[in-house]
Amino acid sequence: MQKEPQGGLAEVLDLILDKGLVIDAFVKVSLVGIEILTIDARIVVASVDTYLRFAEATNRLDLHAKGGKDLGQVVGGMTEGATQGGAKGKTKGVLDAGKEKWDEVRGERQSRREQA
Amino acid sequence: MTTTEDSTKGSQSSARASYIYGIVPAGVRIPDGLDPIPYGEDGNQLGLVTEGRLAAVVSDVAADRALGTRKDLMAHEAVLNAIAQETPVLPMRFGAVVTDDDAVAEELLAPHQDYFIRALEQLKGHLEFRLRGDYDQDAVLTRILEADPSIQGMREKIAGVDEDASYYDRIRLGEAISKAMDQLRADDAQACVDALSKFAVATEVKEAGGENGAVHLAFLVRTDHRSDFERAVDELGDAWSGRVELRLIGPTAAFDFLPEFEVPDEAQA
């Protein structure tokens, strides 16, 4: 069991882009429409690529390898296929530039803030 | 960060705006040493904009820079997580930017204070945890094969057959395995709910994600139930050892358990 205060980038993305209070619901007039660049790190699970990789991994399994006698042969035979089946297309690296409306920024003094 | 800051940031070529991380009760202390979203040459600082019983955690950002670098994203999460260790916090979704601190106070905090105060009170004394698990692929495939003779048969069919010749058979095998894994995921998520939800006030089953993703759940746990909850998670981790690798993330800000905000019917502005 691993314990982590914070997840990895993919987990953080999953959270902070989909959850949390949406500023637009509260602020209308002074909203600054900042362009948000996000990488969609979610992985498409059910694809032909995935199916082929599962088949490959299953084929490679040595179900009765209690003594592991033929393991070397099995693994050796599969390396090529496994590489070929590779991770291409595994992650969908879509650069999603969601551009929102741009409000003009008033360069007002930020007088209310206290140092944290 | 106060008005005196203006002279030093005057040379900034782009307009400055206020980035909002989240909302906390007024008067709380923000942990030291946190790195906000980068801005300017001489670093950046977190600040608090206080309005009545509420405060917003903010920092400066350039109004014309697109946000979303790894540093930006991790900073948003890290700031909120650090605060969540000590005090209830309502996290904003990434990318909440308004023109200045006056807008934070007058347009965000003041008009919606009833909702924010109520939400903070509801979250007080609670922590969010997220549990993620990944399958050990060989272990899970072995289990699926042993449980399903038809899948075993499909495996035997492709053994030793040329890759091109067995292409469609391999897709069929993979699809059958994928379906079996979905069923396993549903069963394992239910097992997590059964084992852990009694230590939480709220539980949410989320999509596991990833080819070997097994489970993903979020729990809202009372502070005084934390050790019981963590002990139960440890026990589950031991029971699943070798099959599912579990990771417990948190405590984090309660992203998954924010009380619903109803947009008021009366026009706001």
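Colleague: What makes strand β1 of chain B count as mostly covered?

Modeller: In β1(B), residues 16-25, 9 of the 10 residues are buried. A residue is called buried if 20 or more other C-beta atoms, placed from the backbone, lie within 10 Å of its own, exposed if 12 or fewer do, and partly exposed in between. Please keep in mind that this is a predicted model, where local features need pLDDT of at least 70, side-chain atom pairs count only at pLDDT 80 or more, and totals for chains, interfaces and linings use all residues. Residues are numbered from 1 along each chain as its sequence is written, and chains are lettered from A in the order in which they are written.

Colleague: How do you know that β1(B) pairs with strand β3 of chain B?

Modeller: Two strands pair if DSSP finds at least two bridges between them. Strands themselves are DSSP runs of E with at least two residues, helices are runs of H or I with at least four, and both are numbered from the N terminus. β1(B) and β3(B), residues 54-62, are joined by 9 bridges and run antiparallel, with Pro25(B) opposite Leu54(B).

Colleague: What makes β5 and β4 of chain B partners of β1(B) too?

Modeller: Each of these pairings has 2 bridges, in the antiparallel sense. Ser18(B) stands opposite Val98(B) in β5(B), and Ile23(B) faces Leu90(B) in β4(B).

Colleague: Which strands pair between the two chains, β4(A) being one of them?

Modeller: β4(A), residues 113-115, pairs with β2(B), residues 47-51, over 3 antiparallel bridges. There, Gln115(A) has Gly47(B) as its bridge partner.

Colleague: Why are β1(A) and β7(B) said to stand at the edges of their sheet?

Modeller: The open sheet has 5 strands in the order β1(A)-β9(B)-β6(B)-β8(B)-β7(B), with mixed pairing. β1(A) and β7(B) each have a single partner strand, so one side of each is left without a neighbour in the sheet. Within this sheet, β6(B) and β8(B) pair in the antiparallel sense over 9 bridges, and His126(B) stands opposite Arg222(B).

Colleague: Why are α2(A) and α7(B) called roughly perpendicular?

Modeller: Their axes come within 7 Å and cross at roughly 90°. Axes here are lines fitted to C-alpha atoms, for helices over the stretch in contact, and angles run from 0 to 180 degrees between N-to-C directions. Angles under 35 degrees count as roughly parallel, over 145 as roughly antiparallel, 65 to 115 as roughly perpendicular and the rest as oblique. The two helices are therefore roughly perpendicular to each other. Their contact includes Tyr51(A) and Phe54(A) from α2(A), and Ile171(B) and Leu173(B) from α7(B).

Colleague: What makes two residues a contact?

Modeller: Their C-beta atoms, placed from the backbone, must lie within 7 Å. Between the chains, the contact takes 80 residues from chain B and 60 from chain A. The chain B side divides into 42 nonpolar, 20 polar and 18 charged residues. Ala, Val, Leu, Ile, Met, Phe, Trp, Tyr, Cys and Pro count as nonpolar, Asp, Glu, Lys and Arg as charged, and the others, Gly among them, as polar.

Colleague: How many residues of chain A count as buried?

Modeller: Of its 116 residues, 26% do. Chain A has 3 helices and 4 strands, running β-α-β-α-α-β-β from the N terminus on.
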